[in-house]
Amino acid sequence: MKKTASTEIDPEAIAEVAQRVGTSLTASQDGRGRRIGVAAGRFNGAITLRLLEGALGALAEAGVERRDVVLAWAPGAFEIPLLAQAMIGATRRVDAVITLGAVIRGDTGHYDLVAGECARGIQDVQLATGVPVVFGVLTTENLDQALVRSLPDHTNKGREAALTALEMISLVDQLSSRS
Ligand code: INI
């Protein structure tokens, strides 16, 4: 869904409802000390690269160290879930995986399969491992939409995916350290 001013929650509303419950958790976007995997799709790779610029910029701003970011390129979006799972590994080598790619309907007869299986696989990996895997794969009707969603500004979906990853790490951490 497209975000508009009218659907955004006011931070004051979050603070207000926090007074009416026992515990209210909010997410930090602090990236210091975090280890991040980036699983990127090479298909429509020029779009993926624009998302990657947004993601890497956001991670650096948040304090994630360059040496703590591991990037791997999958052939296409369909392969991204397995790559994310391998990055996490049995020993949880990363705190979160950001997936980036572009599935463009105009390009393919099997758009629905590629896009759907990519999304399903990503969800399966994060639920099976307990490690956040963020869906930063664009699924668009055409190239123009993909270009708009990968503009070099705060609306860039790669940037949003990176911030979502940091927030999910923070929330899962807070919940798992509660007794
Ligand atoms: N992969 C994408 O990442 N985006 C696409 O738009 C796309 N199209 O159009 O087909 C695509 N196909 C390749 C797919 O992800 C696999 O790499 C391929 O089917 C081999 O498994």
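In this predicted model, Ala-40 stands opposite Leu-100 in strand S3. That pairing belongs to a longer run of contacts: 5 bridges join strand S1 to S3, and the two strands run parallel. On to the next neighbour, then. S3 is also joined to strand S4 (residues 133–140) by 8 bridges, again in a parallel arrangement. Here Ala-102 of S3 stands opposite Leu-138 in S4.

How many of the residues of S3 are buried? The count is 9 of 9, so the strand is largely enclosed by the rest of the structure. The side chains take turns, too. Ala-96, Ile-98, Leu-100, Ala-102 and Ile-104 point one way from S3, while Val-97, Thr-99, Gly-101 and Val-103 point the other way. Whichever way they point, all of these residues are buried.

Salt bridges come next. A search of the whole structure turns up 10 of them. One of these links the side chains of Arg-34 and Asp-173, with N and O 3.1 Å apart. Arg-34 sits in the loop between helix H1 (11–18) and S1, whereas Asp-173 belongs to helix H6, so this pair ties together parts of the chain that are 139 residues apart in sequence. Are the two partners buried or partly exposed? Arg-34 has a relative accessible area of 18%, and because the cut-off for buried is under 20%, Arg-34 counts as buried. Asp-173, at 37%, is partly exposed. Asp-173 can also be placed against another part of the chain: its C-alpha atom is 9.7 Å from that of Asp-95, although 78 residues separate the two along the chain.

Helix H6 (residues 157–176), the home of Asp-173, has another salt bridge to show. Lys-157 pairs with Glu-160, and their closest N and O atoms are 3.1 Å apart. Both residues are in H6, and because they are 3 residues apart there, about one helical turn separates them. Lys-157 is partly exposed at 31% relative accessible area, and Glu-160 is partly exposed as well, at 26%. Elsewhere, salt bridges that share partners bring Arg-105, Asp-112 and Glu-141 together in one network. Within that network, the side chains of Arg-105 and Asp-112 meet at 3.6 Å, N to O. Arg-105 is partly exposed, with a relative accessible area of 32%.

Now for the loop that leads into H6. Asn-156 is located between helix H5 (143–148) and H6. Although this is a loop residue, Asn-156 is buried, with a relative accessible area of 2%. What does Asn-156 touch, leaving out residues up to four places away in sequence? The list is Arg-50, Leu-51, Gly-54, Arg-149, Ser-150 and Leu-151. With Arg-50 there is a polar detail to look for: a polar atom of the Asn-156 side chain lies 3.1 Å from the backbone oxygen of Arg-50.

Another buried residue is found in helix H4 (residues 111–129), namely Gly-121. Its relative accessible area is 9%, which means that Gly-121 counts as buried. Gly-121 and Phe-78 are 43 residues apart in sequence, yet their C-alpha atoms are 8.5 Å apart in space.

Two loop residues stand out for their backbone angles. Most residues other than glycine have a negative phi. Asn-44, however, has a positive phi, near 55 degrees, and is not a glycine. Asn-44 is in the loop between S1 (36–41) and helix H2. Arg-92 is the other case, with a positive phi of about 50 degrees, and Arg-92 is not a glycine either. Where does Arg-92 lie? Its place is the loop between helix H3 (80–88) and S3 (96–104). Arg-92 is partly exposed, at a relative accessible area of 46%.

Finally, there is a nonpolar patch on the surface. Leu-49, Leu-71 and Trp-73 make it up, and together they have about 260 Å² of accessible area. Leu-49 belongs to helix H2 (residues 45–61) and is partly exposed, at 43% relative accessibility.

Note on methods: Residues numbered from 1 in each chain as written. Predicted model: local features only at pLDDT ≥ 70, side-chain atom pairs only at ≥ 80, totals over all residues. Heavy atoms only, no water. Helix = DSSP H or I, 4+ residues; strand = E, 2+ residues; numbered from the N terminus. Patch = residues over 30% accessible without salt bridge, like charges linked within 9 Å, V, L, I, M, F, W, Y side chains within 5 Å. Areas by Shrake-Rupley, 256 points an atom, 1.4 Å probe, with all protein chains shown as cover. Salt bridge = Lys/Arg side-chain N within 4 Å of Asp/Glu carboxyl O. Buried < 20%, exposed > 50% of the residue type's maximum accessible area, 1.4 Å probe, protein only. Polar contact = N/O pair within 3.5 Å; in protein donor to acceptor, adjacent residues only side chain to side chain. Contact = heavy atoms within 4.5 Å. Pairing = 2+ DSSP bridges.
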